[in-house]
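Q: Got a minute to go through this one with me? I'd like to talk about the ligand site, the domains and a few odd residues.

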Amino acid sequence: MKEVLAGLGIAETGSAASGDFIASHNPATGEELGRVRLAGEADYERILATAAEMFERWRLVPAPQRGEIVRQIGDELRRAKDDLGKLVSLETGKILAEGKGEVQEMIDVADFASGLSRQLYGLSMHSERPGHRMYEQWHPLGVVGVISAFNFPVAVWSWNALIAMVCGDTVVWKPSLKTPLCAIAVQNICDRVLERYGLNGVLNLVIGKDDVVGERLIRDRRVPLISATGSTRMGRHVSQVVAERLGRTLLELGGNNGVIVMDDADPDLVVRAVLFGAVGTAGQRCTSIRRLFLHKSIAPKITEKLIAAYRQVRIGDPLDSGILMGPLIDGAAVDNMMRGLATIQEQGGKILTGGKRLQGCFVEPTLVQAHPGMAMLKEELFAPVLYLIEFDQLEQAIAWHNDVPQGLSSAIFTTNLVSAETFLSARGSDCGIANVNIGTSGAEIGGAFGGEKDTGGGRESGSDSWKAYMRRQTVTVNWSGELPLAQGIKFDV
Ligand code: NAD
């Protein structure tokens, strides 16, 4: 552990801050990984002032040069991948392959952002007036506040920060207090690159309590955009506070993702995809599969295969290469899962396998036979609990699938073109992400990531998500020497 931290430049944590200490724990062992000093009000002010001051400089650096610096951050991340991946596993409890996968995602985002830095295109339009030119250009926005959740302690930051960086923004990151060491490690890696150019202050980290630091950040008028990832409850609050000052939000909130399995689907493909999607990261992904709609003719076969597969899931030390499922993040998450399972049973759900609390923060992955009227189906239970629901008709399955407050990711398994296209059509899935013959989790960075309804409506990472981090300016240049007015209006004396 000490070597991992030393490799990531973490010796004495948070020494520049002035608040209380918090301890970060390994959820797999309960061992204390390190102690971090929290930021107080004065620390927040200092960090925000640095970010605001640096924005004045950074926004004038040509975008391709900004991209080159992000490219170098990608290179540093490549060098740190093993250590950082291990730290992600140690602090979150996700298995090592997923910990390293998160770092790979950051590297991919760095590559993407670096290329993007030469493609921040605006459109040009034909003016209705002779001798006039119209076009739009994109300018940096300012200081971007990034609030991140515990379950993706580094990758989601990179979707925001590295894209915002090439857009010319500076960033203030407020990570989850459950994963502060990952945040410090990432900040150290980035600082190594920024230092070469005297640009420390482009990326900033403020680790503090929600009522001290979080609330200050979302209320701060110097921060035109707050990008927040976390629960819908948090997002609703952040959205209201930022809207009140007419700031912008980019919200990536809870999911409740469903998969529809048609009678013509390949059962082996379904079981493998569902296992990764529902049990991976111990069900603690925003995109975890939570609801599985099975066509009734294929339901017995898939159910039987899933029960067998669930019973073989190796649970244990996330750093052990044979393990598929680590612990939940903390004791409160285990209690929450147990409470959820009790409610599920009260509502008529039947546990088919799993459902038990094991040692420490470990639990059994759980399959539940559910019926469509259960109220719990509409909630995001952030744990490895999967509901199985049988259906007759695709239309019925789509209606049940969409009948939840959340709208993040969705999938259908079918070999029938009409069923697939129906699911993808305007009367199909109402989610931000819709897949065919792959599960709901494990999105690639090239697409825009995000969801509808209570998931918050934000889009991050690929496609044209960069536009959220810039301000659009419409420009009209008159080189005609005359002053014709739009819409043919005459206004001469
Ligand atoms: P959480 O809502 O408890 O916390 C998320 C972040 O919000 C933390 O950094 C927290 O400190 C901060 N926060 C809370 N109140 C705040 C306030 N008043 N002001 C400023 N910041 C505040 O979520 P969590 O338990 O860390 O993460 C799990 C949740 O995140 C799940 O609902 C999951 O679906 C969601 N999530 C969504 C996505 C996505 O992309 N849609 C990705 C990852 C996680």
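A: Sure. One term before we start: contact here means heavy atoms within 4.5 Å. And keep in mind that this is a predicted model.

Q: Okay, with that in hand, how many residues of domain 1 are in contact with domain 2?

A: On the domain 1 side there are 17 residues, in contact with 19 residues of domain 2.

Q: Where do the two domains run in the chain?

A: Domain 1 covers 2-253 and domain 2 covers 257-436.

Q: And how far apart are their C-alpha centres?

A: The centres of domain 1 and domain 2 are 31 Å apart.

Q: Now the ligand. Where does it lie relative to the two domains?

A: Between them, because domain 1 and domain 2 both give residues to the shell around the ligand.

Q: How many residues surround it, and which are the closest?

A: The ligand has 26 residues around it, and the closest are S148, D210, E215, S231 and E380.

Q: What's the mix of nonpolar, polar and charged in that shell?

A: You get 11 nonpolar, 10 polar and 5 charged residues in the shell around the ligand.

Q: I'm setting up a pose check. Which polar distances to the ligand could I look at?

A: Here are three. E215 has a polar side-chain atom 2.7 Å from a nitrogen atom of the ligand. S231 has a polar side-chain atom 2.6 Å from an oxygen atom of the ligand. With L253 the backbone takes part: one of its polar backbone atoms is 2.8 Å from a ligand nitrogen.

Q: How much of the ligand's accessible area does the protein cover?

A: The protein covers 89% of it, where the ligand on its own has 860 Å² of accessible area.

Q: Which elements give two or more residues to the shell?

A: Those are α7 (210-219) and α8 (232-244). The largest share, 4 residues, comes from α7.

Q: Changing topic: which residues have a positive phi without being glycine?

A: Two to look at are A282, with a phi of about 50°, and N437, with a phi near 60°.

Q: Why flag those?

A: Because most residues other than glycine have a negative phi.

Q: Where is A282, and is it buried or exposed?

A: A282 is in the loop between α9 (267-279) and β11 (289-295). At a relative accessible area of 2%, A282 is buried.

Q: Then N437, where does that one lie?

A: N437 is in the loop between β17 and β18. Its relative accessible area is 28%, so N437 counts as partly exposed.

Q: What else is in that loop?

A: T440 is there too, between β17 (433-436) and β18 (448-449). T440 has a relative accessibility of 2%, and it counts as buried because the cut-off is under 20%.

Q: What does the T440 side chain reach?

A: The backbone oxygen of T287, at 2.6 Å. Beyond its close sequence neighbours, T440 is in contact with residues including N257, G258, V259, S288, S409 and N435.

Q: Which residues does T414 touch?

A: Setting aside residues up to four places away in sequence, T414 touches M262, D264, A265, S419, A420 and N437. So N437, the positive-phi residue, turns up again in that list, while T414 itself is buried at 3% relative accessibility.

Q: Where does T414 lie, and what is its side chain close to in the backbone?

A: T414 is in the loop between β16 (409-413) and α13 (417-424). A polar atom of the T414 side chain lies 2.9 Å from the backbone nitrogen of N416.

Q: Last bit, the isoleucines. Which helix holds I73, and what is I73 in contact with?

A: I73 is in helix α3 (residues 63-92). I73 is buried at 0% relative accessibility. Apart from neighbours within four places in sequence, its contacts are L162, M165, C190, V193 and L203. I107 is 34 residues away from I73 in sequence and 8.3 Å away in space, C-alpha to C-alpha.

Q: And where's I398?

A: I398 sits in helix α12 (residues 394-402). I398 is buried too, with a relative accessible area of 5%. Not counting residues up to four places away in sequence, I398 touches I260, T422, F423, R427 and G428.

Notes:
Residues numbered from 1 in each chain as written. Predicted model: local features only at pLDDT ≥ 70, side-chain atom pairs only at ≥ 80, totals over all residues. Heavy atoms only, no water. Near = heavy atom within 4 Å. Polar contact = N/O pair within 3.5 Å; in protein donor to acceptor, adjacent residues only side chain to side chain. Areas by Shrake-Rupley, 256 points an atom, 1.4 Å probe, with all protein chains shown as cover. Nonpolar A, V, L, I, M, F, W, Y, C, P; charged D, E, K, R; others polar. Domains from an automatic or database assignment. Buried < 20%, exposed > 50% of the residue type's maximum accessible area, 1.4 Å probe, protein only.
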